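Biologist: Before we discuss how the parts of this model are arranged, could you show me the structure and then take me through the reasoning behind each term you use?

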Amino acid sequence: MRSALPPSFLALVAVLALVRPAPAAAQLPGIAVERRLAGELSLRVGDTLRLGAAPDSMRGVGVVAAIYEPRPDPAQITKQDRYVRMHLPDLARLLGAPDRVDRFGVALRPGIAPDSAAARLDRSAFGYQAYPSAAIASESSQTFLVVSRFHRAIAVITIVASAVFLLCVMLLKVEERRMDAAVMRFVGVRRRTIFGALLLEAAVIAVLGSAVGTALALAAGAATNAYYRRFFHTALTFSLITPGIVGFSVALSLALGLVAGAAAAWRLVRTRPMVLWGRG
Amino acid sequence: MTGAAWAVKRLARQPLRTGLSLAGIAVAAAMLLDMVMLSGGIDRSFSDLLLGRGYQMRLTPKGTLPFDTEATIRGASAIVAALRREPALEAAGAVLGTSLYARRGDSLITLFAYGLQPEAQSLYQLQAGRDLASGAGAGVLLSEPAARLLGAGIGDTLTLVGRLDPQVVTAAAGRRLVVRGMVRWLYDYRGQPSVGMVLSDLQRLSSSPAEDRASMIVVKARQDSAVPGLVTALRRRFPSVEVSSVADLVATFHERLVYFRQLSYILGSMSLIVTVLLIATLLTIAVGERLGEIATLRAIGVSRRTVVGQVLAEGTALTIVGGGLGIGLGLATARYLDAILTSFPGLPAAFSFFVPRAGALAFAALVLLLTGSLAGLYPAWLAARTPIAATLRAEAT
């Protein structure tokens with residue numbers, strides 16, 4: 001659970017200026033610098049930085065104590081923000097605001113419900129709001145829920161387009177077998193057998209198409225991940241093809257293929273052989 | 001009979017097949033239309049939003065975008081005064097944005113407050129009542145969500161407090177202001193309870209007035225063409241603040257929403273591929289079925305060119321009719337998709353992702369028509385090289 005003060009300083013301070021190599025780094029406050037920022041400013045551990053909350057107040061000095069890789073965060077990938085980490089007293093001194101924080105985390109004893117603890121904290125004092133961590137996670141994931149809804153809507157449109165395409169192709173594919181069907185009828189093959197053969201052919205095509213589609217999707221997913229990981233400098237996964245998704249896609253295409261194949265085959269077996277032969 | 005009429009007659013002969021093909025092309029065309037609207041709509045909508053009041057430049061704290069952080073510019077009045085002395089500039093005004101609280105009974109209601117200079121405001125449109133006048137204590141403007149939340153209307157008096165101190169459980173500053181008017185804030189998200197007042201009033205409520213803080217300064221140039229030069233000049237003159245033109249801000253926003261632009265390119269290309277595959281498959285099978293007919297036509301003297309023209313005309317007819325159906329479908333789906341994306345938290349309510357632009361739509365229609373027509377090239381080639389004698393002999397047996 002976290003409790004948050006009203007808007008304050010937390011946007012911290014990303015005004016840095018490289019000063020010189022540190023001769024007496026031990027006396028200076030240490031800061032940890034994000035890897036991308038260190039790369040952009042060519043910083044190394046031991047370098048000394050001038051720090052400030054604004055370009056006209058660079059009154060602090062710190063030494064790079066560590067360069068760290070931030071945890072991948074989807075909320076940050078499109079932002080250009082760069083981060084440094086400092087000990088709280090060093091930051092408070094730099095900002096001229098001692099004993100102020102944006103938020104603090106509270107660990108509850110086992111068995112205490114976060115909601116009731118947050119409600120109790122909210123009743124006990126004025127000027128802050130307590131939130132269970134789950135509520136913060138839910139609120140901060142709203143953006144991704146919207147993106148997810150958008151993806152689902154696009155997926156529905158894509159499925160409709162694919163379904164129509166599949167129906168059309170299966171219809172054409174079965175109709176291509178008019179002459180074969182006519183010959184089979186002439187030599188005495190039963191309608192049911194012809195229907196079954198055409199249906200089987202439709203199923204085979206749907207399964208083969210699904211297999212090729214799955215391979216294409218895996219390749220496209222890998223390419224998408226490779227591209228966006230490089231593009232956003234992150235280790236996040238952008239395209240995830242789960243067995244469930246593959247199963248759903250294959251089942252859908254198989255069902256559509258069978259329905260289309262059955263409809264076309266039914267039309268074919270109901271037509272007189274002479275008509276199929278083109279002489280009716 | 002013309003080639004087009006021939007093609008239409010041919011397509012009508014197979015209603016189920018043609019209907020399915022048209023449905024497929026319509027869905028693909030709808031997707032293409034939506035993606036074209038998405039690809040440029042974001043920039044257009046954002047640019048229109050920023051230029052809504054004609055202010056082409058923004059000055060913000062160094063390294064930030066307008067209202068992107070809680071950082072502020074100190075000594076804003078001096079910068080505004082200097083800007084107003086510039087002959088190339090028509091107007092300049094400071095804006096402060098911060099959280100504020102309205103006292104209602106024993107409880108406090110959290111609001112977002114804009115402090116602005118009424119003579120150079122770029123943030124709202126007055127909907128009812130009177131506008132703010134210059135000078136402290138001039139009153140307060142409410143958005144509709146704020147009025148609803150506070151249960152207040154024009155003429156009512158509000159008690160607004162700021163600088164809450166959780167340790168002593170008091171607000172360090174308070175002020176009673178009369179509601180002068182109802183406004184629509186241009187950059188508010190849906191349901192945002194916002195109030196507006198004169199800058200000096202909000203500065204007193206939110207921080208020490210001596211610091212004279214502002215979140216942003218908006219600047220209007222007399223001539224649009226002078227903006228790039230003015231941006232450069234202002235950057236030199238005010239090195240401690242960030243000077244951005246609307247074009248700069250659009251470029252930054254463009255970068256942040258690059259994912260949607262790339263997605264629109266990928267899905268738009270996929271739509272074109274589906275259209276080409278659908279038309280090419282349909283026409284190839286149709287040509288295969290009509291080889292005897294084509295050979296007969298060739299045998300009685302119909303030229304190869306005419307046969308090719310008929311096949312291409314079929315592809316064009318499918319594309320035109322399917323594309324036409326796709327426009328209606330595309331506009332309907334664009335509204336639905338826009339409703340999803342504009343529910344992004346914190347996005348201005350006036351923002352739109354899918355914006356129809358005549359030029360882009362005409363380009364998309366042309367590309368669709370060309371690709372749809374060209375999809376008939378392979379089946380047309382098959383039709384053109386049909387061996388006449390062999391085909392007729394095979395048909396006769």
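Modeller: This is a predicted model, and a good place to begin is chain B, where 6 residues of domain 1 of chain B are in contact with 5 residues of domain 2 of chain B.

Biologist: What makes two residues count as being in contact here?

Modeller: They count as in contact because their C-beta atoms, placed from the backbone, lie within 7 Å. On the side of domain 1 of chain B that touches domain 2 of chain B, the residues are 5 nonpolar and 1 polar, with no charged ones. The domain assignment gives domain 1 of chain B as 3-49 + 256-396 and domain 2 as 63-239, and the centres of the two, taken over C-alpha atoms, are separated by 51 Å.

Biologist: Which domains does the assignment give for chain A, and how many residues of domain 1 and domain 3 of chain A are in contact?

Modeller: In chain A the assignment gives domain 1 (8-104), domain 2 (111-140) and domain 3 (142-276). The C-alpha centres of domain 1 and domain 3 of chain A lie 54 Å apart, and 5 residues of domain 1 of chain A are in contact with 7 residues of domain 3 of chain A. The domain 1 side of that contact divides into 4 nonpolar, no polar and 1 charged.

Biologist: Why is the packing of H9(B) against H13(B) called oblique?

Modeller: Helix H9 (residues 291-299) and helix H13 (residues 388-396) of chain B pack at an angle of about 130°, with their axes 9 Å apart. Oblique is the term for angles that are not under 35 degrees, not over 145 and not from 65 to 115; the angle of about 130° falls in none of those ranges, and therefore H9(B) is oblique to H13(B). The crossing of these two helices is left-handed.

Biologist: Which residues of H9(B) and H13(B) meet?

Modeller: From H9(B), Leu291(B), Gly292(B), Ala295(B), Thr296(B), Arg298(B) and Ala299(B) meet Ile388(B), Thr391(B), Leu392(B) and Glu395(B) of H13(B). By class, the residues of this contact are 5 nonpolar, 3 polar and 2 charged.

Biologist: How many residues does each chain bring to the contact between chain A and chain B, and which element gives the most to the side of chain B?

Modeller: Chain B brings 35 residues and chain A brings 31. On the chain B side, helix H2 (15-50), strand E6 (157-165), helix H8 (258-289) and helix H10 (304-341) each supply at least two residues, and H2(B) gives the most, with 9 residues. That side of chain B has 21 nonpolar, 9 polar and 5 charged residues.

How values were computed
Residues numbered from 1 in each chain as written. Chains lettered and ligands numbered in written order. Predicted model: local features only at pLDDT ≥ 70, side-chain atom pairs only at ≥ 80, totals over all residues. Domains from an automatic or database assignment. Nonpolar A, V, L, I, M, F, W, Y, C, P; charged D, E, K, R; others polar. Helix = DSSP H or I, 4+ residues; strand = E, 2+ residues; numbered from the N terminus. Axes fitted to C-alpha atoms, helices over the stretch in contact; angles between N-to-C directions. Left-handed = near helix turned anticlockwise from the far one by under 90°.
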